[in-house]
Each structure stands twice: as structure tokens, then as C-alpha cells.
Amino acid sequence: MHWVQEHCSVTERHACRVFGLPRSTRRYVSRRTEPPELREALRESAYAHPRFGYRRVHWLLERRGFAVGQRRVRRIYREEGLTVRRRKRKRFKRIVREPATLPRRPGERWSMDFVHDQFENGRWYRVFTAVDDFTRESVALHAGTSLPSAKVTEVLDQAMATRGRPKRIVCDNGSEFTSLWFMQWAARHGIDIQYIQPGKPTQNAFAESFNGRFRDECLNTHWFSTLPQARYIIAAWQHHYNVERPHGSLDRQTPEEFRLTYLSQ
């Protein structure tokens, strides 16, 4: 509007009449106030979790006691140049899939898988992951350069000592999960092992979803030089994921809050 007045030599009244804009709107000055600590808290949360978008940062701010709307968080988030870069994903041919049966209580079904990564020197290591499909909790997250069946069952025994025995475990057809050792271990504990079809990782969707978040928010944001360092940082991230990180599919609750809320009902 100011440009039109200057270049066309017209009054404010005439310009507003042409554009159908009330003069009160043209003269409006925003009285919006912004808490001085809000922007700093937003930057702090975004820098601490670089792969979080503005929605999840907004949830974190609400949990810290800030009464702020999502639109304001989005505006400040963009002004600070904190927009998360989107990674291009491959497009797959659409196929008709039957909906998977969802668990109805904690410990009814776990999903497990492996994630591969490299140290600074190029040496490969793996991380064994297991999640509770109902609460979305990370029940096991163990890194190692060698994770045979015996080590996998040892990690699962440690997880069951604190979280109880699952009725069923979903996994792929890797040698660690199809070995005689692992099958005998599952039979001793009375656990049903549900193998997915070869080449169908979507049938292990809960583990794949968790692995994506784990890689995006932990492995891709750290560069490990030793196995003890990797285990320390991974354990800290696991605690953050279970106790502090709000989960969209759990109505913005953390996995631990969701489990405790369910058990208290």
C-alpha cells in the first residue's frame, strides 16, 4: 500500500478504496508481545534436537510451561532459520495391504531389528533394537561390533528382567533370529516368534519406524570414535526417547507416560 501511494501519487483514502481495504486495517499496529525467554528456549530446544520440526518443538515448549500457540512457534522457528531439511524418499508402487492387528496392552508384542553404522575409522558396528509395539518404548538398544544370537538373547533377558516377558516378538529372517540357539531360547520362555516375509520390511513397521527415528536423531547427529562412546550416547538417547520425547501417535505423551497412564486405569 505504501508503494502504491508513493509511485501513483494517491492519497491513503483513495488507495484503500481501490483495493477495498479499510483504513483501520491499513493503520493497524500489532500489540503482540513475545516473552523474552521464549525465543531463547525455542532455539535451545531446536539445537538440542536438530531433527525435530516446529510441531515437536512446540510440544517441548508446552511441557516447559510456555503458553504459546503453534503458529507463533512456527513463525519464530522460520525466522531463526531452523527449518528441518526434508530428505527425498523413493516412491514405491502402491499395493493393497491388509491392516496389521495392533496390540492392546503393554508387553503383548515386541518388534526387533538391527541398525548398521560406522565409526570414524570406517569400522562397522551394529545396534540391536527392540520396541514395545503398544507403548512405543525402546525396551532394548545395544551396540556392538559382533551381535550373535547368544548376545541378542542376553540383551532380551536383561530387558525382560525389568519389563516382563512379551507374548510375541516380530523380527526378520536374519541368521541371529533363525538360529537354533534363538529358537530354543524362545521356546524356553514361551515366546511366539513371528517372522516377516523375506523382502517385506513393512511387515516389521514398528521396528522400522523406530530405527528411522533412531538413525535420524542419534546416529546421524553424532560421529563415534569408540564403542564405549557410542554405547554411552546411545543409552542417553534411549532415556530421552522413553522419558522426555513426546510421541505424536501417543497424543503427545512420552512412551513412559503412556505406559504409566495405561497401568493406572
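Helices here are DSSP runs of H or I with at least four residues, numbered from the N terminus. One such run in this predicted model is helix H11, which spans residues 227–244 and contains Gln238. With a relative accessible area of 17%, Gln238 is buried, since the limit for that label is under 20%. Beyond its neighbours within four places in sequence, Gln238 touches Ser138, Val139, Ala140 and Leu141. Strand S3 covers residues 138–144, and this strand leads on to the sheet.

The sheet is open and has five strands, in the order S3-S2-S1-S4-S5, with mixed pairing. S3 and strand S5 (192–195) stand at the edges with a single partner strand each, so one side of each has no neighbour in the sheet. From one strand to the next, the twist averages 20°. In general, strands of a sheet pair through backbone hydrogen bonds, in either a parallel or an antiparallel sense.

Both senses can be followed strand by strand. S1 and S2 are antiparallel and share nine bridges; Asp117 has Tyr125 in S2 as its bridge partner. Five residues separate the two strands in this hairpin, where Gly122 adopts a positive phi near 90°. S2 also pairs with S3 in the antiparallel sense, over six bridges, and here Thr129 is partnered by Leu141 in S3. That Leu141 is also among the contacts of Gln238. The hairpin of S2 and S3 likewise has five residues between its strands, and Arg136 in the turn shows a positive phi of about 65°. S4 and S5, by contrast, run parallel and are joined by four bridges, with Tyr195 in S5 as the bridge partner of Cys171.

Helices pack on this sheet as well. H7 touches S1, S2 and S3, and its direction makes about 150° with that of S3. Helix H10 (residues 205–217) also touches S1, S2 and S3, with its direction at about 35° to that of S1. As for S2 itself, eight of its nine residues are buried, so this strand is largely enclosed by the rest of the structure.

The nonpolar interior can be described next. The largest nonpolar core has 21 residues, and those with the most contacts inside it are Met112, Phe128, Leu156, Phe177, Phe182 and Trp185. At least two residues of this core come from each of strands S1 (109–118), S2 (124–132), S3 (138–144) and S4 (168–171), and from each of helices H7 (149–163) and H9 (180–189). H7 makes the greatest contribution, with five residues. Trp185, neighbours within four places in sequence aside, is in contact with Thr153, Leu156, Asp157, Met160, Ile169 and Ile191. A second, separate core holds 18 residues, including Tyr125, Ala143, Ala230 and Ile234.

Another helix pair completes the picture. Two packed helices are described by the angle and the distance between their axes. For helix H5 (residues 54–63) and helix H6 (residues 70–79), the axes come within 9 Å and cross at roughly 120°, and the crossing is right-handed. H5 brings Tyr54, Arg55, Val57, His58 and Leu61 to the contact, while H6 brings Gln70, Val73, Arg74 and Tyr77. By type, the residues of this contact are five nonpolar, two polar and two charged.

Note on methods: Residues are numbered from 1 along each chain as its sequence is written. This is a predicted model: local features need pLDDT of at least 70, side-chain atom pairs count only at pLDDT 80 or more; totals for chains, interfaces and linings use all residues. Side-chain values use heavy atoms; hydrogens and water are left out. Axes are lines fitted to C-alpha atoms, for helices over the stretch in contact, and angles run from 0 to 180 degrees between N-to-C directions. A crossing is left-handed if the near helix is turned anticlockwise from the far one by less than a right angle, and right-handed if clockwise. Contact means heavy atoms within 4.5 Å. Ala, Val, Leu, Ile, Met, Phe, Trp, Tyr, Cys and Pro count as nonpolar, Asp, Glu, Lys and Arg as charged, and the others, Gly among them, as polar. A nonpolar core is a set of buried Ala, Val, Leu, Ile, Met, Phe, Trp, Tyr and Cys residues joined through side-chain atoms within 4.5 Å. Buried means under 20% relative accessible area, exposed over 50%, partly exposed in between (1.4 Å probe, protein chains only). Two strands pair if DSSP finds at least two bridges between them.
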